[in-house]
Amino acid sequence: MAISAGTSAGISAEDRRKLEKLCQKFRRKLIDVLHAKQTGHPGGSLSVCEILVSLYFHQANVDSGNPGDPNRDRIILSKGHAAPMLYLALAEKGFFPYGEIDTLRDFETRLQGHPSIKDTPGVELSTGPLGLGLSAGLGMALALRLDRSPARVYVVLGDGEINEGTVWEAAMAAAKFKADGLTAILDWNRVQLDGATDDVMPSGDLGAKFVAFGWNTIHCDGHDIGAICRACDEAAAAKGRPSIVLAHTVKGKGVSFMEGKSAWHGSPIKDADYEIARRELDEGVGA
Amino acid sequence: MKIAIREAYGQALLECGRENGDIVVLDADVSGSTKSAMFKKEFPERFFNVGIAEANMTAMAAGFASAGKIPFVNSFAAFVTTLGLLPARAFASYSKLPIKLMGAYGGLSDAFDGPSHHAIEDIAVMRALPGLKVYAVSDVAQTRWAVRHAVEDRSPMYIRLSRDYFPDHYAPGEVFEDGKAKLLRDGGDVAIIACGLMVEHALQAAELLGAEGISARVVDMFTIKPLDAGAVLECAAKTGAIVTAEEHTVIGGLGGAVCEALCEGGASVPVTRVGLADRHAECGPYAKLLHKYGLDKDAIVAAVKKTLAKKK
């Protein structure tokens, strides 16, 4: 695997440290909320943390003060079950009060179990049924191109999600339409609900597959904010074809006993486990 | 010159496209059949052929809609309402995005391609999606109205079209109203509530029945959702016997919708649903299929007599 060294500007060391702190804050709050609610998906929320933080707080032009800006960048969390991490990012961006996170999955909450464009400010696409976000993101990118908008579309995919055939239909179409305003980011944590992706449905050499489909592919460490930002800059610089950032991640990242474990895809967090998780996150183990 | 429903659709879409730059058209490699190619010829930059990938096409439409476009999704009705169903549910229904789902080749109109290509459960499937409007057009003028309505009404919707020629019932430019059925023939013994091509068969059946002294009322229920429940109850009150007729299975389509309205409205009248009797058809000439599978004027006449026998 070639990890991109990156040639573009990326992110300053100071900003990077700030975002790393933010990730630590989000992980703690995520564990607090999922423990309190006894429902929700910890594994894939923890693996996608640096990806979403890099997009919302450095890479993308998203402003809660101007949510209808036609030229805003669009971020789609196609792996909708990681909604808690998305909500943390949107709250921190000012789309709704940070404390509203505590209503996650509650009766009559704005923060539904999976992202809903109708209910939650800042959500660009309702997701949950897997495999549809890349197609919708392609439609958005083509609409923005018709309007001569400079806005970019970012679609965050899960590596279990890409079992769905629609992802590959969209991959073909994005190359056909030369959708260079579209950047997909794969949260490649190698674990899905029933087990390792290699056991459930081996994805093989994903880089080679996307290259064969006509995409620009960039590998990066999906927990290294600097690397993610450089990869997104590289993607934006590629003309005439869509790009995918293959972000190598760890499912359950930051909580030792959750890391790499399919059991933590969507399991409730018991009190004893919560204490250990909080201690690790407070001490910054793995963060 | 007489034109097929699909040609009327292609023309109407092109005309709307000239007036409204927000319209975008997607097709899944059947634009020559759906006639969306007429739009493509004049507006290639607003036309997207996604290949044979109906699910991707429908999900792409969500992206266009969320960015302010009015996307028309085109393929055979049998595939739009099956392969396109998950994105239709997630984005048109749940998310309320203004996606316009166009079901070319409704009913048995793709006759020779056989049951794999017949759309006989599309109305039931799409009607079940919360918030999604459903229409089935009966002639050229109504097709033109439906396309214009799809552009002007922000609701997500499914419009069932046809490959074939339908006789005219309306003058060009006839005014239609969302949720308001059209009364095509008054009568006091029985009411035939039909949609699509079966409107013509209902009118022919009414003629035959008239010769036998049976007075049949005929209603074109092109607006299946919202259904004109008032018109349905009026039919019950004025005739006391109802026959529904549709190119669809008898389960969950127009017949189902009419029965729901009758029950909820407290109308206790005998009803017979003319349609496919929970079975698939086969390939063959369109008219012969309609006759063999009980979807024509003869079937309607028989259904009327059966229903009148049960009338109190």
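Helices and strands are here DSSP runs, a helix (H or I) having at least four residues and a strand (E) at least two, and they are numbered from the N terminus. With that in mind, please note before selecting anything that this is a predicted model.

**Stop one: a serine in a loop**

Select B:Ser138, which you will find in the loop that runs between β5 (133–136) and α8 (140–152) of chain B. Is B:Ser138 buried or exposed? Its relative accessibility is 1%, and because buried means under 20%, B:Ser138 counts as buried. Now show the side chain of B:Asp220 as well, since the side chains of B:Ser138 and B:Asp220 are joined by a polar contact of 2.7 Å. To fill in the surroundings, add the other residues that B:Ser138 contacts beyond its neighbours within four places in sequence, among them B:Phe166, B:Pro167, B:His169 and B:Tyr170, and then B:Gly196 and B:Val199.

**Stop two: chain B as a whole**

Zoom out until chain B fills the view, and colour it by secondary structure, which should bring up 13 helices and 12 strands. The radius of gyration of chain B is 19 Å, close to the 20 Å that the globule rule gives for 312 residues, so the chain is as compact as a globular protein of that length. If you turn chain B along its principal axes, the C-alpha trace spans about 60 × 40 × 35 Å. Colouring by accessibility adds another view, in which 62% of the 312 residues of chain B count as buried. Among the contacts in chain B with a separation of 6 or more, 78% are between residues 24 or more positions apart.

**Stop three: where chain B meets chain A**

Bring chain A back into the view and select the interface, where 25 residues of chain B are in contact with 25 residues of chain A. The area buried between the two chains is about 2,000 Å², and carbon and sulfur atoms give 70% of that area.

How many salt bridges are counted between chain B and chain A? The count is one, and to see it you should select A:Asp147 and B:Lys69, whose side chains meet at 2.6 Å, N to O. The elements of chain B that give two or more residues to the side touching chain A are β2 (47–49), α4 (54–66) and α6 (85–94). Of these, select α4(B) and look along it, for the largest share of that side, nine residues, comes from this helix. Finally, colour that side of chain B by residue class, and it divides into 15 nonpolar, five polar and five charged residues.

How values were computed: Residues are numbered from 1 along each chain as its sequence is written. Chains are lettered from A and ligands numbered from 1 in the order in which they are written. This is a predicted model: local features need pLDDT of at least 70, side-chain atom pairs count only at pLDDT 80 or more; totals for chains, interfaces and linings use all residues. Side-chain values use heavy atoms; hydrogens and water are left out. Contact means heavy atoms within 4.5 Å. Buried area is the accessible area (1.4 Å probe) that two parts lose on being put together, summed over both. A salt bridge is a side-chain nitrogen of Lys or Arg within 4 Å of a carboxyl oxygen of Asp or Glu. Ala, Val, Leu, Ile, Met, Phe, Trp, Tyr, Cys and Pro count as nonpolar, Asp, Glu, Lys and Arg as charged, and the others, Gly among them, as polar. The radius of gyration is taken over C-alpha atoms; the globule rule is 2.2 Å times the number of residues to the power 0.38. Buried means under 20% relative accessible area, exposed over 50%, partly exposed in between (1.4 Å probe, protein chains only). A polar contact is a pair of N or O atoms within 3.5 Å; within protein, one must be able to donate a hydrogen and the other to accept it, and residues adjacent in sequence count only if both atoms are side-chain atoms.
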